[in-house]
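Below are my notes on the model, set out as numbered points. They cover the metal site and then the ligand site.

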Amino acid sequence: MDRDEAVKKLRSKLTEKRFVHSVGVEYTAGCMAFIYDVDVKRARCAGLLHDCAKCIPTEDKLKKAKKLGLPVNKFEELNPDLLHGKLGAYYAREKYGIDDEEILSAITYHTTGKPDMTMLEKIIFVADYIEPNRKMIKDLPEIRKEAFTDIDKCICHILKNTLDYLKTKDLAIDDLTNETYKFYMKQN
Ligand code: DGI
Ligand code: FE
Ligand code: FE
């Protein structure tokens, strides 16, 4: 499927705001790929499609994941929106014809991150947080600079802010989010 076709399909599956965010992640990931020696086309593809399952109603996310036999952990059971990465990778493969395993993995892990990410996975994790349409959140200007100067430090910074936010909201934190933070803390 070429980009025009993917865009058309994606636009029909997402709200206008989520679609604009997706295109923002697409071109931010493309810019990051330039400086981190990753294939720009693959980074853009992963960025464009990373949230393709985001707008499925929350309860349907859980139902669909179970029906498809995707692994669902206790955090995803509590907060099925966390499943949009896994479901997104499934749809990217089945509906958008993506068979590049690294792109699919970047989509799977874009919300929690994971320890020892590949450069493409890191780029999608970061680009999702910093793309230009994101509303201003704590430290965003600094995090945007770190994205292009020290990507591992940037990942730590993003995870610290996300974990702080989840704690203030008393939300269940996925083990993988904690593990990713610990891993990248040690790297710094
Ligand atoms: O889909 P986006 O909004 O573009 O971004 P995302 O996929 O990174 O999802 C962001 C949301 O996910 C944000 O509200 C924080 C939340 N999140 C990230 N890690 C965890 C989490 N929520 C819970 N409950 N547990 C986590 O470990
Ligand atoms: Fe997302
Ligand atoms: Fe996103």
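1. Which residues are the protein donors of the iron ion (ligand 3)? In this predicted model, they are His21 and His50, each through NE2, and Asp51 and Asp128, each through OD. The donors lie 2.1 to 2.2 Å from the ion.

2. Along the sequence, the donor residues of the iron ion (ligand 3) follow the spacing H-x28-H-D-x76-D. Asp51 sits in the loop between helix 3 (40-49) and helix 4 (58-67), while Asp128 belongs to helix 8 (residues 119-130), so this pair ties together parts 77 residues apart in sequence.

3. Asp51 also coordinates the iron ion (ligand 2), and the two iron ions (ligand 3 and ligand 2) are 3.5 Å apart.

4. Ligand 1 occupies the largest pocket. It is surrounded by 17 residues, of which Lys54, Thr111, Arg134, Asp174 and Thr177 are the closest. Helix 2 (16-35) and helix 10 (151-168) each contribute at least two residues to this shell.

5. What is the make-up of the shell around ligand 1 by class? Seven residues are polar, six are charged and four are nonpolar.

6. Three polar contacts of ligand 1 can be checked in the view. An oxygen atom of the ligand is 2.8 Å from a polar side-chain atom of Arg134. A polar backbone atom of Asp174 lies 2.8 Å from an oxygen atom of ligand 1, and a polar backbone atom of Ala172 lies 2.8 Å from a nitrogen atom of ligand 1. Of the 570 Å² that ligand 1 exposes when taken alone, the protein buries 81%.

Technical notes:
Residues are numbered from 1 along each chain as its sequence is written. Chains are lettered from A and ligands numbered from 1 in the order in which they are written. This is a predicted model: local features need pLDDT of at least 70, side-chain atom pairs count only at pLDDT 80 or more; totals for chains, interfaces and linings use all residues. Side-chain values use heavy atoms; hydrogens and water are left out. A residue is near a molecule or strand if one of its heavy atoms lies within 4 Å of it. A polar contact is a pair of N or O atoms within 3.5 Å; within protein, one must be able to donate a hydrogen and the other to accept it, and residues adjacent in sequence count only if both atoms are side-chain atoms. Accessible areas come from the Shrake-Rupley method with a 1.4 Å probe; for residues, only the protein chains shown count as cover. On a 1 Å grid over the protein atoms alone, a cavity is a set of points where a 1.4 Å probe fits but cannot get out, and a pocket is an open set with protein on both sides within 12 Å along at least five of seven lines; lining residues have an atom within 4 Å of a point. A molecule sits in a cavity or pocket if more than half of its atoms lie within 2 Å of its grid points. Helices (H or I, at least four residues) and strands (E, at least two) are DSSP runs, numbered from the N terminus. Ala, Val, Leu, Ile, Met, Phe, Trp, Tyr, Cys and Pro count as nonpolar, Asp, Glu, Lys and Arg as charged, and the others, Gly among them, as polar. Donors are N, O and S atoms within 2.8 Å of the metal (3.2 Å for Na, K and Ca); water is not among the atoms, so sites may look incomplete.
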